[in-house]
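This briefing introduces a protein structure for a reader who is new to the subject. Please look over the sequence and the model before reading the points that follow.

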Amino acid sequence: MSFGTDFGIDDLPVRDELRGKSPYGAPQLDVPVQLNTNENPYPLPEPLVARIAERVAEAARGLNRYPDRDAVELRTELARYLTRTGKHPVAVENVWAANGSNEVLQQLLQTFGGPGRTAIGFEPSYSMHALIARGTGTGWISGPRNEDFTIDVTAAEKAIAEHRPDVVFITSPNNPTGTAVAADTVLALYEAAQAAGPSMVVVDEAYVEFSHRDSLLPLIEGRPNLVVSRTMSKAFGAAGLRLGYLAAHPAVVDAVQLVRLPYHLSAVTQATALAALEHTDTLLGYVEQLKAERDRLVTELRATGYEVTDSDANFVQFGKFPDTHAAWQRILDRGVLVRDNGVPGWLRVTAGTPEENDAFLDAVRELMKEQE
Ligand code: PMP
């Protein structure tokens, strides 16, 4: 069957708020050095690959049955990981898991946002927060940041009081700027959100393992409207696995189950994630290497004459470019793909292997010479 090309999305009866919009689309280009999507550059170690094969084979024998709908074993292991690294005891009842933290965030917006409700984020920040809001029919409010990309607490409190959003997103460390958020700031915004709402505060800690600061996880204690969202895509080097999770009061875990699809986490996903969690220590070893490389990128970029935003993540925001897109293209011409997140003047590079970072640094040194 063939279809004419004169028929497109806008000819379909799609929801009004989706008309004329574009999907999330970090370019997936086949270039030698790909430092654009904040992935971990290290493939999983062979012993872990073998363990995944074993656990997946075991799961495969039971694939005629639906998986554990509540993913109890996996949530128990995630709780153990959080307790060990988060300086706060977390139990299985506090943890929920889904296919990537994007799905966790979607479930949170389906539960606490939705038509007639709003969410606020402090931008520039992770673009999917606004896109997931749109997909769930939640109104989006773009909150302010300071010049140095920290959250302007007074302006944020004011925006929360004025708009009374149902969900407040705080991304720490923030993407694309790399900026970590102080616990005091989260507490101030939580108070503001409770006074205006009460509303949910979602702390997106996708990159927290790379931070100089501790996780904000202990703040969930005594704050039932605070949720911390995490992922195995970055620190665990398992972006392809699609496993995200949250920690919060058990009532939040009960609430998101009202919207989750039954059996949303496949038996294969659960088995793979459990295998990866058995190798936590090795994987966190790579995180240490990446942090050192991230710090090297910051130092070298500054030494070359670039402005660099302090980074607590596995990526670095650098600039400033009079023509951001042209700079992105010049770096790409040298075989290195970085990210233009649409922040005027700034680009973002993910910390890769030492060799990849060298290639990137060579490219930006040449670019600086061209500009002089
Ligand atoms: N939060 C932030 C801040 C991110 O940058 C990302 C990925 N780029 C995610 C959440 C989603 O990650 P995933 O769905 O792979 O867990």
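K320 is found in the loop between β10 and α10 (324-333), and the peptide bond that leads into K320 from G319 is cis, with omega near -10°. The model is a predicted one. The protein is divided into domain 1 (26-44 + 282-371) and domain 2 (46-278). The points below treat the backbone, the two domains, the nonpolar core and the surroundings of the ligand.

**Backbone features**

- Most residues other than glycine have a negative phi, and most peptide bonds are trans.
- A cis peptide bond joins S172 to P173, and its omega is also near -10°.
- P173 belongs to the loop that runs between β5 (167-171) and α6 (183-196).
- N38 is not a glycine, yet its phi is positive, near 55°.
- This residue, N38, sits in the loop between β1 (33-34) and α1 (46-60).
- A residue counts as buried if 20 or more other C-beta atoms lie within 10 Å of its own; N38 has 22 such atoms within 10 Å, and therefore it is buried.
- R164 likewise has a positive phi, of about 45°, although it is not a glycine.
- The position of R164 is in the loop between α5 (153-163) and β5.
- R164 counts as partly exposed because it has 15 C-beta neighbours inside 10 Å.

**The two domains**

- The C-alpha centres of domain 1 and domain 2 are 26 Å apart.
- Where the domains meet, 25 residues of domain 1 are in contact with 23 residues of domain 2.
- On the side of domain 1 that touches domain 2, α9 (280-304) and β10 (315-319) each supply at least two residues.
- The largest share of that side, 7 residues, comes from α9.
- Sorted by class, the side of domain 1 that touches domain 2 has 11 nonpolar, 7 polar and 7 charged residues.
- An unreviewed UniProt entry lists residues 33-363 under "domain: Aminotransferase class I/classII large".
- Over residues 33-363 the chain is 42% helix and 15% strand, and the C-alpha atoms at the two ends are 11 Å apart.

**The nonpolar core**

- In soluble globular proteins, nonpolar side chains tend to be buried together.
- The largest nonpolar core in this model has 99 residues.
- Those with the most contacts inside this core are A97, L108, V168, L189, V201, V202 and V227.
- Helix α8 (residues 267-278) gives the most to this core, with 6 residues.
- Domain 1 and domain 2 both give residues to the core, so it lies between them.
- V201 may serve as an example: leaving aside residues up to four places away in sequence, V201 touches V168, I170, L189, Y190, A193, N225 and L226.

**Around the ligand**

- Which residues come nearest to the ligand? Of the 13 residues around the ligand, these are G100, S101, A206, T231 and S233.
- Helix α3 (residues 100-112) gives the most to the shell around the ligand, with 3 residues.
- By class, this shell has 3 nonpolar, 9 polar and 1 charged residues.

How values were computed:
Residues are numbered from 1 along each chain as its sequence is written. This is a predicted model: local features need pLDDT of at least 70, side-chain atom pairs count only at pLDDT 80 or more; totals for chains, interfaces and linings use all residues. A residue is near a molecule or strand if its C-beta atom, placed from the backbone, lies within 6 Å of it. Helices (H or I, at least four residues) and strands (E, at least two) are DSSP runs, numbered from the N terminus. Ala, Val, Leu, Ile, Met, Phe, Trp, Tyr, Cys and Pro count as nonpolar, Asp, Glu, Lys and Arg as charged, and the others, Gly among them, as polar. UniProt positions are given in the numbering used here, feature names are shortened, and annotations may be inferred rather than shown by experiment. A nonpolar core is a set of buried Ala, Val, Leu, Ile, Met, Phe, Trp, Tyr and Cys residues joined through C-beta atoms within 7 Å. A residue is buried if 20 or more other C-beta atoms lie within 10 Å of its own, exposed if 12 or fewer, and partly exposed in between; C-beta atoms are placed from the backbone. Domain bounds come from an automatic or database domain assignment. Two residues are in contact if their C-beta atoms, placed from the backbone, lie within 7 Å.
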